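The following paragraphs lead the reader through a protein structure, from single residues to the chain as a whole and back again. Please keep the sequence and the model in view while reading.

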Amino acid sequence: MNVEQKKKFDIAINIMRQIKNNNPRIGGSCCLFVLGLKDDFNDIDIIVDTIDGIQFDYPIIPLQHPKRLNRTIKYDIDGIEIDISESLFKENDTFMKYDIQFELPSRVIKARKLIDDYIKENY
């Protein structure tokens, strides 16, 4: 993990620790990166059970696709995009690494396909 990736990861861990009672876990490309399935990641996707009650004092980034399958808030935290998104799945299949909870890679891939298909149909 290079310096920039470590900075992103540290910010994500800090934000996750502030989210209470919402089962926060890292998903998206960062999850796949940690498992060696991707070479890099740009943003951090934090998956939660619900975004109700989650609010931070960081600039909010407008959603590129506001019509979505799941509710999402995008924050700019020290120049890093942090997406906090509700899970598309009811069951919580996760794994632990670095003492942090992550989505299973199969769920990351399945969620990405669902979202991509939804965007193709609606935009």
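Helices and strands are here DSSP runs, of at least four residues for a helix and at least two for a strand, and they are numbered from the N terminus. The model itself is a predicted one. With these terms in hand, serine 85 can be placed: it belongs to strand β5, which covers residues 80-86. The relative accessibility of serine 85 is 7%. Because buried means under 20% relative accessible area, serine 85 counts as buried. Apart from its neighbours within four places in sequence, serine 85 is in contact with Ile46, Ile47, Val48, Ile51, Asn70, Arg71 and Thr72.

From this residue the view may widen to the whole chain. The protein chain contains three helices and seven strands. Read from the N terminus on, its elements follow the order α-β-α-β-β-β-β-β-β-α. The chain is as compact as a globular protein of its length, because its radius of gyration is 14 Å and the globule rule gives a close value of 14 Å for 123 residues. Along the principal axes, the C-alpha atoms fill a box of roughly 40 × 30 × 25 Å.

Further totals describe the interior and the surface. Of the 123 residues in the protein chain, 46% are buried. Among contacts between residues at least 6 apart in sequence, 55% join residues at least 24 apart. The accessible surface of the protein chain comes to about 7,200 Å², and carbon and sulfur atoms account for 49% of that area. The protein chain carries 18 positive and 21 negative charges, and the mean positions of the two sets are 3 Å apart.

The cysteines deserve separate attention. How many disulfides does the structure hold? The number is zero. For cysteine 30, the closest cysteine sulfur is that of cysteine 31, and the two sulfur atoms are 7.6 Å apart, which is too far for a bond. Cysteine 31 is likewise in no disulfide, its nearest cysteine sulfur being that of cysteine 30. Cysteine 30 has a relative accessibility of 1% and therefore counts as buried. Cysteine 31 is also buried, with a relative accessible area of 0%.

Cysteine 30 appears again among the contacts of phenylalanine 41. Phenylalanine 41 lies in the loop between α2, residues 28-34, and β2, residues 44-48. Is this loop residue buried or exposed? At 1% relative accessibility, phenylalanine 41 counts as buried. Setting aside neighbours within four places in sequence, phenylalanine 41 is in contact with Gln5, Lys8, Ser29, Cys30 and Phe33. Serine 29 is twelve residues away from phenylalanine 41 along the chain, and their C-alpha atoms are separated by 5.4 Å.

Aspartate 40 has its place in the loop between α2 and β2. With a relative accessibility of 37%, aspartate 40 counts as partly exposed. Aspartate 40 touches Gln5, Ser29 and Phe33, when residues up to four places away in sequence are not counted. From aspartate 40 to proline 66 the separation is 26 residues in sequence and 26 Å in space, taken from C-alpha to C-alpha.

Two other aspartates may be considered for their backbone angles. Aspartate 78, in the loop between β4 (72-77) and β5, has a phi near 55 degrees, a positive value in a residue other than glycine. Aspartate 78 is exposed, since its relative accessible area is 56%. Aspartate 99 lies in the loop between β6 (94-97) and β7 (100-103). The phi of aspartate 99 is also positive, at about 65 degrees, although this residue is not a glycine. With a relative accessible area of 67%, aspartate 99 is exposed.

The account ends with a residue in a helix. Isoleucine 13 is found in helix α1, which comprises residues 3-18. Its relative accessible area is 11%, so isoleucine 13 is buried. Proline 24 stands eleven residues from isoleucine 13 along the chain, and the C-alpha atoms of the two are separated by 9.8 Å.

Key. Residues numbered from 1 in each chain as written. Predicted model: local features only at pLDDT ≥ 70, side-chain atom pairs only at ≥ 80, totals over all residues. Heavy atoms only, no water. Buried < 20%, exposed > 50% of the residue type's maximum accessible area, 1.4 Å probe, protein only. Contact = heavy atoms within 4.5 Å. Rg over C-alpha atoms; globule rule 2.2 N^0.38 Å. Areas by Shrake-Rupley, 256 points an atom, 1.4 Å probe, with all protein chains shown as cover. Lys, Arg positive; Asp, Glu negative; His and termini not counted. Charge placed at Lys NZ, Arg CZ, Asp CG, Glu CD. Disulfide = S-S within 2.5 Å.
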